[in-house]
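Trainee: Can we go through this one together? I'd like to start with a helix and then look for holes inside.
Mentor: Sure, pull it up.

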Amino acid sequence: MKVRQRIVALILEISLIMTGCGMRGGKSKSETNYISQDPVHFTGMCDAEAVIAYDIPKQLPNILVNCVGYEKDGEKKILFRSAKARGQFWVVDTATGQPVYKGTVPSGRSGEQTGESVSMADISAVSEPGEYIICNDGVGESYSFIVGENIRNKQLTEEMAALQESLLEDMRNDTYKAGKFIRMAEQMIHLFAAYDFFPERFTDHMLEEYSGNGIPDLLDMAENIAGWFLTLQDKEITPDEQMAFAGVLAKFCQIYKEFDNSKASAYGKTAAELYKLARQETEEIATSIGFYAAVTLYEMQGNAKYRTDIKAYGDAALHLKEMDAFYLFGNVNYVSGKRSVEIARCSRFMSELMTVTEAGCVSCRRNEYKVCDPDGEQIIRNMSYLVIANYVLESEEYHSILENHYHYLCGCNPEAEVMRGAMDRMRAPFILFLCGLMDGES
């Protein structure tokens, strides 16, 4: 927990100075009247008979559950999204048809997202592994869901495997155009942050092709990507891409030296060469990318020239409209590293982080689904801020907000489905989010 201790210590010092899931059960019942105002239209004639087509809207339940599943001993939230949801509800075991838990539907509230009357109930008392549905006389049934053990750990392993396959596909296609390197660097930055904060989540048995060498598979995957990038130096790599991977390699060097200091040193040397080459080719390096690279190289070597560059890029970053991955984690690395830092810069970043985090919390309080944004990708992006803030402060409120967003992404949303597309496009940030959600769990 050295990272957490370093950040907490700096905060104290600053304060002193500054005084899709499908239908898994039976048909869901719904209050919605699905009879169209113009339900029938003719599409053609076959002999003397009319061919009639019915437009049947997708039927969605008015009781929303986490379709991925709930941890046996974890928090279990469900949502009712109808004013007709009232009175008692039951959690029913699908294997036996018998209720195992009875609760009362809380009072609902209408919010800015849909105008629906939405209320949240807690069924954490249901801890026996199995498959269940929620039933209410007013609005029918939910989709079925499972309660089990190590659900999130399994999901984390699956997300790592999917990310590995996605990156391998890029490498097989020799994809190095249209900003792909920048996006790959962002993926690695999020993964390194997840490893820095939650190393116990990443083992030597997550990815089959890398297992068994005593090194966390995440690092084997990162080395594979780094090696591939270095074989492409004869391609048209832009200075921004060189700078981005200089930062990635420098961060990898810092982590990997625990396992192979000689190999880590070689990657560190290459990182310094890429950084120098990018600076020689142009002075128009993207501010946040330059900042991240300068910070990681400074942390790796302690060279004063990188500290000078940190100031230049950091001052330029004051004009950024939002924090991207390079700026966010560049600052995290700066605040939590072992090198000397400018307290004013740390203070400014912590202020920025808390401002964006608290803004998200305010949005959650206004929203009937208790989320900061209805868009899945924006949720995952915002959760990066919250994971960092919660890692430092260990806030019960922040953890509850993380839980609510996770349930939303996994089925407690207006479409009643796992937001798979958002998770796929934001897979590495989602992995960080999962790790933050599991922080402190066994």
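Trainee: What span should α4 have, and why?
Mentor: This is a predicted model, to begin with. Helix α4 covers residues 217-230, which is 14 residues. At 1.5 Å a residue it should span 20 Å, and its end C-alpha atoms are 20 Å apart, so the two agree.

Trainee: Okay. Is α4 mostly covered or mostly open?
Mentor: Mostly covered. Of the 14 residues in α4, 11 are buried. Among them are L218, L219, M221, I225, W228 and F229. D217, D220 and E223 are buried too.

Trainee: What do those buried residues pack against?
Mentor: Four helices: α2 (151-172), α3, α5 (239-256) and α6 (261-281).

Trainee: New topic. How much space is in the largest cavity?
Mentor: About 70 Å³. Its lining has 12 residues. Nearest the centre are A193, D196, K251, F329 and N333.

Trainee: Which element gives the most to that lining?
Mentor: α3, with 5 residues. α3 spans 180-197, and α9 (325-336) also supplies at least two.

Trainee: And what kinds of residues line the largest cavity?
Mentor: The split is 8 nonpolar, 2 polar and 2 charged.

Trainee: What about the second largest cavity, how much space is there?
Mentor: About 50 Å³. The lining is K77, I78, L79, M120, Y369, N404, H407, Y408 and C412. β5 (77-80) and α12 (396-409) each give two or more of these residues.

Trainee: How does that lining divide by type?
Mentor: The second largest cavity has 6 nonpolar, 2 polar and 1 charged residue in its lining.

Technical notes:
Residues are numbered from 1 along each chain as its sequence is written. This is a predicted model: local features need pLDDT of at least 70, side-chain atom pairs count only at pLDDT 80 or more; totals for chains, interfaces and linings use all residues. Side-chain values use heavy atoms; hydrogens and water are left out. On a 1 Å grid over the protein atoms alone, a cavity is a set of points where a 1.4 Å probe fits but cannot get out, and a pocket is an open set with protein on both sides within 12 Å along at least five of seven lines; lining residues have an atom within 4 Å of a point. Grid points are joined across faces, edges and corners, and a volume is the space filled by probe spheres set on the points. Ala, Val, Leu, Ile, Met, Phe, Trp, Tyr, Cys and Pro count as nonpolar, Asp, Glu, Lys and Arg as charged, and the others, Gly among them, as polar. The expected span of a helix is 1.5 Å times one less than its number of residues. Buried means under 20% relative accessible area, exposed over 50%, partly exposed in between (1.4 Å probe, protein chains only). Contact means heavy atoms within 4.5 Å.
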